[in-house]
Amino acid sequence: MADSWRFDAIGTRWDIVTDEPIDDLLRREVAGKIEVFDETWSRFRADSLVLGLTASAASATGSVAAVPSPPDAAAMLEVYRELSDATGGAVNPLVGDSLARRGYDAGYSFVDRGAQAAPGDWPALLTWDDELRLRAGATIDVGALGKGRLVDLVLGILAPRVAGTVLVDASGDLAVRGGPTRVGLEHPYDASRAIGVATVTDAALCASAVNRRAWGEGLHHVLDARTGMPVRRVAATWVLADDAMYADAAATALFFDGGPELAARWGVDWVRMTTDGRVEWAPDTEMELFV
């Protein structure tokens with residue numbers, strides 16, 4: 001592939017690699033899609049739709065705050081329901097306040113103010129159809145799958161209009177149209193090493209690791225929503241799937257009990273490393289592992 005377009009968005013580095021250059025009009029369309037997604041779902045932006053909904057819910061005592069459902073609400077929140085069911089509530093879209101309490105807040109304070117469980121009754125508090133409704137001042141966080149969803153949306157813009165292979169890489173979550181593209185599985189404790197290689201062809205590969213977005217003593221972005229505590233048993237996960245949203249979602253689920261069962265039900269390929277260095281994988285994994 002010959003052309004690489006790099007930029008920063010939603011707090012991470014993007015690298016879009018194509019056989020042919022992407023023209024300015026298409027670049028603006030991609031940038032616009034990312035901007036709309038960010039201003040809708042980001043809990044790091046004071047002007048976002050989800051934070052506005054949280055503020056409305058907090059001030060609407062005894063009533064329900066509602067906005068017209070954003071285009072991606074049903075697709076993402078239905079998957080959240082599956083994630084929550086599979087992990088016994090460990091993955092929860094109302095985990096935003098729990099993350100902020102540990103220091104992963106809108107101002108990136110990285111000041112730990114202690115553990116706080118997310119609302120366990122989130123399906124009763126957050127509902128969606130033609131409206132997105134919130135019955136309490138809790139904060140939505142779509143970090144378990146949102147970046148994967150956005151990778152899919154960007155690939156959906158580019159793939160029909162750019163000839164040859166298209167790679168959309170949002171730092172840990174990537175999707176490929178065409179290929180094959182070989183990607184190393186970075187060792188979570190030594191970035192100079194890989195524990196294996198995945199070959200991605202017309203598919204997505206998403207990874208998550210506790211050494212990323214980490215701060216303080218043992219603090220990182222993967223929390224158990226039931227306790228507000230960082231996960232301790234699994235250090236890193238990698239998932240190959242047809243699309244990036246499901247790959248991202250499964251990569252999150254694999255930090256918890258129930259993750260492998262959900263991955264099997266979805267038919268996705270996976271590998272994970274525990275914090276004591278053991279490597280586990282799907283029985284029929286096609287990833288090449290150096291173990």
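**Close-up 1. Packing of helix H1 against helix H6 in the predicted model.** In this predicted model, Leu-26, Glu-29, Val-30, Lys-33, Ile-34 and Phe-37 of H1 meet Gly-146, Arg-149, Leu-150, Leu-153, Val-154, Ile-157 and Leu-158 of H6. Sorted by class, the residues of this contact comprise nine nonpolar, one polar and three charged. The axes of H1 and H6 lie 10 Å apart and make an angle of about 155°; because angles over 145 degrees count as roughly antiparallel, the two helices H1 and H6 are described as roughly antiparallel to each other. The crossing in which H1 passes H6 is right-handed.

**Close-up 2. Helix H7 and its surroundings.** Helix H7 spans residues 244-253, and nine of its 10 residues are buried, so this helix is largely enclosed by the rest of the structure. The buried residues are Ala-244, Met-245, Ala-247, Asp-248, Ala-249, Ala-250, Ala-251, Thr-252 and Ala-253. The elements against which these buried residues of H7 pack include both helices and strands: helix H3 (73-86), helix H6 (146-158) and helix H8 (259-266), together with strand E7 (173-177), strand E10 (203-209) and strand E15 (234-241). At the start of H7, the backbone nitrogen of Met-245 has a side-chain oxygen of Asp-243 within 3.2 Å.

**Close-up 3. The crossing of helix H7 with helix H8.** The axes of H7 and H8 come within 8 Å and cross at roughly 155°, which makes H7 roughly antiparallel to H8. H7 passes H8 in a crossing that is left-handed. On the H7 side the contact is made by Tyr-246, Ala-249, Ala-250 and Ala-253, and on the H8 side by Gly-259, Leu-262 and Trp-266. When these contact residues are divided by class, six are nonpolar, one is polar and none is charged.

**Close-up 4. Arg-43 in the loop between helices H1 and H2.** Arg-43 is placed in the loop that lies between helix H1 (24-41) and helix H2 (49-59). With a relative accessibility of 6%, Arg-43 counts as buried, because the limit for that class is under 20% relative accessible area. The side chain of Arg-43 is joined to that of Asp-141 by a polar contact of 2.5 Å. If residues up to four places away in sequence are not counted, Arg-43 touches Val-50, Leu-51, Gly-96, Leu-99, Ala-100, Tyr-104, Asp-105, Ala-106, Thr-139, Ile-140 and Asp-141.

**Close-up 5. Ser-98 in helix H4.** Ser-98, which lies in helix H4, has a relative accessibility of 1% and therefore counts as buried. With its neighbours within four places in sequence left aside, Ser-98 is in contact with Gln-116, Ala-117, Ala-118 and Leu-223.

**Close-up 6. Ala-163 in the loop after helix H6.** The loop that holds Ala-163 runs between H6 and strand E6 (166-169). The relative accessibility of Ala-163 is 39%, so that this residue counts as partly exposed. Although Ala-163 and Ile-22 are 141 residues apart along the chain, their C-alpha atoms are separated by 9.9 Å. Residues up to four places away in sequence again not being counted, Ala-163 touches Asp-19, Glu-20 and Arg-177.

**Close-up 7. Backbone geometry at Pro-180, Phe-110 and Asp-202.** The peptide bond that joins Gly-179 and Pro-180 is cis, with omega at about 0°, and Pro-180 is found in the loop between E7 and strand E8 (181-187). Phe-110, although it is not a glycine, has a positive phi of about 55°; its place is in the loop between helix H4 (96-101) and helix H5 (122-125), and Phe-110 is partly exposed with a relative accessible area of 39%. Asp-202, likewise not a glycine, has a positive phi of about 50°. The loop to which Asp-202 belongs lies between strand E9 (190-200) and E10, and the relative accessible area of Asp-202 is 47%, so this residue is partly exposed.

Notes. Residues numbered from 1 in each chain as written. Predicted model: local features only at pLDDT ≥ 70, side-chain atom pairs only at ≥ 80, totals over all residues. Heavy atoms only, no water. Buried < 20%, exposed > 50% of the residue type's maximum accessible area, 1.4 Å probe, protein only. Helix = DSSP H or I, 4+ residues; strand = E, 2+ residues; numbered from the N terminus. Contact = heavy atoms within 4.5 Å. Polar contact = N/O pair within 3.5 Å; in protein donor to acceptor, adjacent residues only side chain to side chain. Axes fitted to C-alpha atoms, helices over the stretch in contact; angles between N-to-C directions. Parallel < 35°, antiparallel > 145°, perpendicular 65-115°, else oblique. Left-handed = near helix turned anticlockwise from the far one by under 90°. Nonpolar A, V, L, I, M, F, W, Y, C, P; charged D, E, K, R; others polar.
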